[in-house]
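Please consider the assembly shown below before reading on. The briefing is intended for use alongside the displayed coordinates.

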Amino acid sequence: MERGLRSYVLRRLGFAALMLVGVSMILFAIMRLAPGGPEAVLIGGEFSAEAAAQIRQRLGLDRPLALQYVTWAGAAVRGDLGRSFKTGDPVASLIADRLGPTLQLTGGALLFAVVVAVPLGVLAAVRRGTAWDTLGSAVALFGVSFPSFWLGIMLILLFSDALPWLPPSGLAEYGREGDLLSRARHAVLPTLTLGLIQMAAVMRFTRSSLLEVLRQDYVRTARAKGLADARVVWRHALRNALIPVVTVVGLSLPTLVGGAVLTETVFAWPGIGRLAVGAVFERDYPVIMGVNLIVGAVVIAANLLTDLAYTVIDPRISYQ
Amino acid sequence: MIQSIVLAALVVALTLTGLRPAAAAGRDMVVGLSGDATSLNPIIATDSMSYIVEWPVFDSLLELDQSLNVKPLLAESWETSRDGLTYTFKLKKGVTWHDGKPFTARDVAFTFYSVLDPKVTTPHRAYFDALAGFPELTAKENPKRPEELAVRPIEVVDDHTVRFRLRYPSGSFLAVLVNPRAGIVPEHLLRGADLNTAEFNRKPVGTGPFKFVEWRRGERIVMEANDKYHGGRPALNRLIFRIIPDGVVLVQELRAGGVDLMENPPLTEVARLKQTAGLKVLVADNTSYTYFGWRQDLVPFNDVRVRRALNHAIDVPSIIKEVLQGYAALSAGQFSPSSWAYDASVKPYAYDPARAKALLAEAGFKPGADGVLVKDGKPFSFSIRHDVANPTVKDTAVIVQEYLKRVGVDARLEPLDWPTFVKKLFASEFEGIVVNWTNHHDPDPFAYTIWHSSQWKGRNFAHYKNARVDELLEQARRTAVVAERKKAYAEFSKVLMEDAPYVFLYFPQQVYVTRQGYEGFVAIPTFAGVYQSLKAVRWTGK
Amino acid sequence: MSDSALVRLLAHRRAMIGAAAVLLMLAAGVLAPSLAPYSYSTQSLTQRLQPPGPAHWLGTDGFGRDVLSRVMWGSRVSLQIGFAATALSLVVGTVLGGAAGYFGRAADHAIMRVADAFLSVPALFLILVVVALFGASLLNTALVIALVTWAPAARVVRAECLALRTRDFVHAAVALGAGHARILGRHLLLNALPVIVVQASLMLGQTILIESGLSYLGLGAQPPLPSWGNMVVEGRQFLASAWWIAAFPGLAIFFTVLGFNLFGDGLRDAFDPALRGAS
């Protein structure tokens, strides 16, 4: 960690800022190009051109595009993400409200996935060819072949309809948001839905990358030198095998913050994914831009972190 | 070691499954909504979800009974002048707002002047077209203020008397003064505020049977019983509206106990739900209809033979029986069979594909190489646009397309999301459409706004034009004598059916599912009619 | 692919099972117009919701359409989208990821930042925005899925190239004076080919899953055109009374994706015998 690294991080952050601006501009332009606007949603079935024009004017949508963007960007830089066209609530608070449930769901799923998958993957790789391996690989293989919403629907059918054990949707019962038991019961199925599939993917990755690494020269050398097997695996192999795993975890970061739209929709989970999708369907531009900005910033930061993680794990990779 | 892990896991699992939570049933009611409201101010809100949620919070002057006649609510009694131009309402005494302040005639005047105010964005305005001074008050350029008018449309006679003056006798005037479009709002909270963006729209205060408690966007809206309600405290403690967009999940929540009342279950599930112990199904007629329509002024739709052929090509009774499980009424025009304006002598076109083909042949169409009809070198091919989010409309479009195919007409389905669809609809950018109208319980103003040739920029986006229809509609709206209106509307329906501007399809019924223990629902045959009776619903615990 | 690799592949039992599953689905799709017993849109309102039987081997759906025919036609649609999206995604991802991994520094930065940009917009967001703009056709769906999956593919290829770049044979090639294009194309990418091909197989499965997810949200192939995804969604409301409507397309998705995954694993084994059983 010295000047080389610091300047690298600074450069990346600089680029990040540029990237966020660029993406927001493109998104802004594309959204305006899409036909229809928020007035359709606000007016509902009693649409009239007169009311539509009034609403557009009130929302500032009749001003030149560039002016609208600059107004938005100027406010965003100062931390003001504007107000939702549909509800009038501040975008920042809409996102903040949903951040908790989102992280709970995606974080919980990721945690579950990694905690279960990495040891299983290691086990399968190290005990290659045995029953552990076959069983584990089969489960993992099945897991990545399922559509996530299908899995969710099946779980609801099984554990909520056929066996009335768990609630089919929502965050918690009304009035019991603070009740941990209620929260936990509601979280089981959605977290499992997301987590099982992620677990399967991570496990496959772990296993195959560990196998790849185990056969490499330096590992064989270490073994030949007489080092105990476990030491070989844990010290030398695992670190390198973790690179693809870190990649996979890194790739799931947009979902981590951006929410898992399909799972959230199936379980009516109040997360950021549903907020974003709803905003697109309803042409709620401030919400779209706000979510994109925040998720984008987090993802870029996360990518930076995973790239730095690479240098720690594999000394051969460096960014001088 | 393994054993203790397994044991621990078992304990955790058992704790998590636990007992089914005590249902919110009892004295609360959880209502499942398929979408969120946009605003809780009856003057501003115009979407169906907002209407449903406003209803328990706000009262209107009048309310509907099961035959769609008006009866008193906030207005105890009223008198109409001989010429039908003046209505004087005596308001109930002792009514208070949810914040304790007294309800007076000033609130009524304030509410309706706000509706007329051109600065307020509200499509409800058109419903009050009959009020004196309407054109001057709502003019786009230099609208007048009420004080500047010689004849004021709304007059506060005293604290409990309010007088309305009309510029022409209107039979639909009383019918307009009901929820959900005419809820009364408090002047003392909204005077001077910008109604379009007021905080009130998120935290409403009304005189209704339920008081607003909280609104968590996209999740739920909660209200509790109004102890001081002038009609008596409702039997239910709280109303909790839960927003669950997925219809299948909504049914699952109902079965699991997370929701006590829901609307529009998948129709194939209804039979199963009826037989489920502890649940019951409520059915009511409705005034909204689904139709397959098109631009009247486009070739070849401008040929009446073609239009009648399209009507003959579709087997609507079959659709109603097989797809809608019988939960719909055949449509013969603008009015539902439960409306007083309905004339049973007007019949829709019978399903007769042979006749359809014959008419199309008469109109000059010949079958082309691939079976699609061709005339003057152009195949009879067009797009059908519809709202992608409405499952019944979607299904109907698929079926319509298939029936058209059988007579050689090629229709391509183009589902669009709501903002796009509405934009194209009202800009008249379409060829064919499948739409569901939410109708009003009185023929006016919808019959006028949909079919009058002056409304091409409005709801008459299909560009229908018929001079006789124009005449009849104007006649019907400018008289208060029911018999005259009925006569005019009867002839209107006849002419309309002869012209065949749409294939009128069906009036879907409202279907609700709720728990056996809730009693007191009244099935009012208009949009969301059941919600009007929530103040009378009670839990009998069975 | 070298002869010995091919032989190993053909001998790999699980890969062959996977290949068989995929080929079956492919055949169904290709032959649907001629082999399917009914058209995918022929309705019969009196024959709705029929369970599997002699007239309709997989039953009928909510409009009385034959489920078997629709599953076969759905294969066509889903696989078309899958192949188009994967091809596009991999071409773009490989070229860009390889360049990034090999050239490093400025090129790496630039390309990865662009990839970052694509990754930072939540995937479904991007898809929705594009579909709202350009409409939901098969081509647009494929394009949009490619837009969303190229960046992860590029990152994976880049990571591989980053590691390969330091290997001896690359140093040797440089010492021998080989030009960039040659090193990148011949040495790096060729050696990365196993990874890329395996990616392809896995991605094909993935794009089918994404397409079904899109159908759940109301995008993707539009009625009456069947895709496995929209068939599952349509059949969902009938799960209790007419399970076959959603079950069969769901199984089709599952078996096809499983097949692609099995085959991809087998490919990986075949390319690198030392890794045999690594899948």
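The points below treat chain C, the domains of chain A, one bent helix and the nonpolar cores in turn.

This is a predicted model. Chain C contains 10 helices and zero strands, whereas chain A is divided into domain 1 (2–77) and domain 2 (92–313). The largest nonpolar core comprises 259 residues, and a second, separate core comprises 80 residues.

**Chain C**

- The order of elements along the sequence of chain C is α-α-α-α-α-α-α-α-α-α.
- The C-alpha trace of chain C spans about 75 × 45 × 30 Å along its principal axes.
- Chain C has 279 residues, of which 59% count as buried.
- Counting contacts in chain C between residues at least 6 apart in sequence, 70% join residues at least 24 apart.

**Contact between chains C and B**

- Chain C contributes 16 residues to this contact and chain B contributes 18 residues.
- On the side of chain C that touches chain B, seven residues are nonpolar, seven are polar and two are charged.

**Domains of chain A**

- The contact between domain 1 (2–77) and domain 2 (92–313) of chain A takes 16 residues from domain 1 and 12 residues from domain 2.
- On the domain 1 side, the elements giving two or more residues are helix H1 (3–33), helix H2 (38–43) and helix H4 (65–77) of chain A.
- H1(A) gives the most to that side, with 10 residues.
- The residues on the domain 1 side divide into 12 nonpolar, three polar and one charged.

**Helix H8 of chain A**

- Helix H8 (residues 180–214) of chain A spans only 44 Å between its end C-alpha atoms, while a straight helix of 35 residues would span 51 Å at 1.5 Å a residue.
- H8(A) has a kink of about 35 degrees at A:Ala187, shortly before the proline A:Pro190.
- Because 30 of its 35 residues are buried, H8(A) is largely enclosed by the rest of the structure.

**Nonpolar cores**

- Within the 259-residue core, the residues that touch the most other members are A:Val202, A:Ile288, A:Val291 and C:Ile127.
- At least three residues of this core come from each of domain 1 (2–77) and domain 2 (92–313) of chain A.
- Leaving aside residues up to four places away in sequence, A:Ile288 touches A:Leu27, A:Met31, A:Ala276, A:Ala279 and A:Val280.
- The second, separate core of 80 residues includes B:Phe382, B:Val409, B:Val469 and C:Phe63.

Note on methods. Residues are numbered from 1 along each chain as its sequence is written. Chains are lettered from A and ligands numbered from 1 in the order in which they are written. This is a predicted model: local features need pLDDT of at least 70, side-chain atom pairs count only at pLDDT 80 or more; totals for chains, interfaces and linings use all residues. Helices (H or I, at least four residues) and strands (E, at least two) are DSSP runs, numbered from the N terminus. A residue is buried if 20 or more other C-beta atoms lie within 10 Å of its own, exposed if 12 or fewer, and partly exposed in between; C-beta atoms are placed from the backbone. Two residues are in contact if their C-beta atoms, placed from the backbone, lie within 7 Å. A nonpolar core is a set of buried Ala, Val, Leu, Ile, Met, Phe, Trp, Tyr and Cys residues joined through C-beta atoms within 7 Å. Domain bounds come from an automatic or database domain assignment. Ala, Val, Leu, Ile, Met, Phe, Trp, Tyr, Cys and Pro count as nonpolar, Asp, Glu, Lys and Arg as charged, and the others, Gly among them, as polar. The expected span of a helix is 1.5 Å times one less than its number of residues. The bend at a residue is the angle between axes fitted to the seven residues ending there and the seven starting there.
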